[in-house]
Amino acid sequence: MRYTPLYKDHLGRGAKMMTFHGWCMPLQFSGIINEHLHTRSKVSLFDCSHMGEFLLKGAKAIRAFESMVFNDMICLKVGRCRYTSILDVCGGIIDDVITMRLSEDELFVVTNSGPCERVSRTLYRVCMAQDLSPTLSKIDVQGPLSRDLMLKVGFRDIEPLKYFTVCRTRWRDAGIVVSRGGYTGELGYEIFVPNALAVPLWKELLAREDAAPAGLGARDTLRLEMGYTLYGQDVDESHTTLEAGMGRFIDWDSDFHAKEFLLMQRQMGRYKIRTGIQTCDRRAPRTGHEVFYEGKPVGVVTSGSFGPSVGRGIGMAYVPLELSAPGTRLTVGPKDLEVETVEFPFYKNGSCRA
Amino acid sequence: MNPKHLKYSENHEWVRDDGGAYVVGITEYAAEQLGDITYVELPQVGEGFAQDDEAATVESVKAASEVYSPVGGTVVAINEALDEHPELINKGPYEQGWMFKLEDVDVAEFHSLMDATAYDKFLKEL
């Protein structure tokens, strides 16, 4: 089992812990729905130190990285972030990542904890990437009041940050990276801080009014309401980036190693695509439920839960392209729960671009 | 710990003798394990169950699970407040979170269930 620098602090705050990809992480503090609603209305702190961070240096390394992902990296402007996926040659998703151009010469890549070791090997082999994960903790500050909280704690440099941009700044004389984004749909920041400063920073943030800790349970319902994927559950190597519904992010002018395969798949058009489903009441589709159309099995649910801010059951399922159009009526699970396909996101009032 | 005047099943349901009628719910332990409850599917009034029949479904953010009737009987009332406020089960599993009320109950089945002391011990050994 692996522990983040904040582990003891979580226990002290009464967190219920869980195992997530070999890490001992907080599932919840005050309760999943409470933490979820707090994030949508005030500001929550998430310990995301289980995630991976890699540094690519130089044009050669960035170009090599670009050959594995589905969009342009060389032209990513300094200070900007971009969502992408590291693909295998058949377009399967090895990991979905956020890339951040820290300087002309440096690309910072934030990965999931799940496939981290494989990604680490791949990034080292292809791009000589430096794995910073063992030295860095990641704290996500999420919610409409997150900017106020960051300013109160003294992060003055973050004020001009727009959605999906990044800057280097300092906290207590240590160099840190702050990006604006997150996984909740709310205004928020991701702070990458040296391990030794994780506990003092976490405590300082939580000492302020309106700030509360939140666990992976709320993180899951928040991201599900936004239609964001969870790696290892909604997307993985067995699904291509087209199947994962990321087609709109693909830069077809970029040359990457899975392009031919994905072009072929797009042309044939016969695949299952990740699709939003919702119920008409509080009942929820569940991970692993089979999906039926006119009584015939057509796919499977990869995530499902009650959405606390939308007040109904929501989920993601892989269904044939021709059944993915909004408004298709399907049933899921052993009790034939009725669902309807809908476009992501389920929750439309997030403050992330505010 | 768990209230003395109730009987308990190994599936973590409780039963209260309300003078001839028997009120059923899930225990504090069950509610805590499920976490925030988001939906409750109750039986219909008039429906009959044998002991350990599936009688209701409770869904939480984390999972869905069945509730088994700890004694056989006929449903004479259901807690309709749970439709709009399933979280009442988390708030008060032994009071406002009750689920359904049975009649025509075999008293021997009721007495075969665990008392609070036995249930507390059962929980410790889980």
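Mentor: A residue is buried if 20 or more other C-beta atoms lie within 10 Å of its own. Keep that cut-off in mind while reading this predicted model.

Trainee: How many residues of helix H7 of chain A are buried?

Mentor: Helix H7 covers residues 216-226 of chain A, and nine of its eleven residues are buried, so the helix is largely enclosed by the rest of the structure. Leu216(A), Leu222(A) and Leu224(A) are among the buried residues, and so are the charged residues Arg219(A), Asp220(A) and Glu225(A). Gly217(A), Ala218(A) and Thr221(A) are buried as well. After H7(A) comes Gly227(A), with a positive phi near 80 degrees.

Trainee: What share of the residues of chain A counts as buried?

Mentor: Of its 354 residues, 49% count as buried.

Trainee: Which helices and strands should I expect, and why is chain A called as compact as a globular protein of its length?

Mentor: Chain A has eight helices and 20 strands. Its radius of gyration is 20 Å, close to the 20 Å that the globule rule gives for 354 residues, so chain A is as compact as a globular protein of that length. Along the principal axes, its C-alpha atoms fill a box of roughly 60 × 45 × 40 Å. As for contacts between residues at least 6 apart in sequence, 67% join residues at least 24 apart.

Trainee: Where are the domains of chain A?

Mentor: Domain 1 is assigned to 2-51 + 133-226, domain 2 to 53-131 and domain 3 to 270-342. The centres of domain 2 and domain 3 of chain A, taken over C-alpha atoms, are 32 Å apart.

Trainee: How do I read the strands E16, E17 and E18 of chain A?

Mentor: Start with the general idea: in a regular strand the side chains alternate between the two faces of the sheet. Now the case here. E16 (residues 290-293) and E17 (residues 296-307) of chain A are antiparallel, with four bridges. Val291(A) is opposite Gly299(A) in E17(A). The two strands make a hairpin with two residues between them, and Glu294(A) in the turn has a positive phi of about 50 degrees.

Trainee: What joins E17(A) to E18(A)?

Mentor: Seven bridges do, and E18 (residues 312-320) of chain A runs antiparallel to E17(A). Val300(A) is opposite Tyr318(A) in E18(A). This hairpin has four residues between the strands, and Gly311(A) has a positive phi near 70 degrees.

Trainee: How many residues of chain B are in contact with chain A?

Mentor: Seven residues of chain B are in contact with eleven of chain A. On the chain B side, three are nonpolar, two polar and two charged.

Key:
Residues numbered from 1 in each chain as written. Chains lettered and ligands numbered in written order. Contact = placed C-beta atoms within 7 Å. Domains from an automatic or database assignment. Buried ≥ 20, exposed ≤ 12 C-beta atoms within 10 Å, placed from the backbone. Rg over C-alpha atoms; globule rule 2.2 N^0.38 Å. Pairing = 2+ DSSP bridges.
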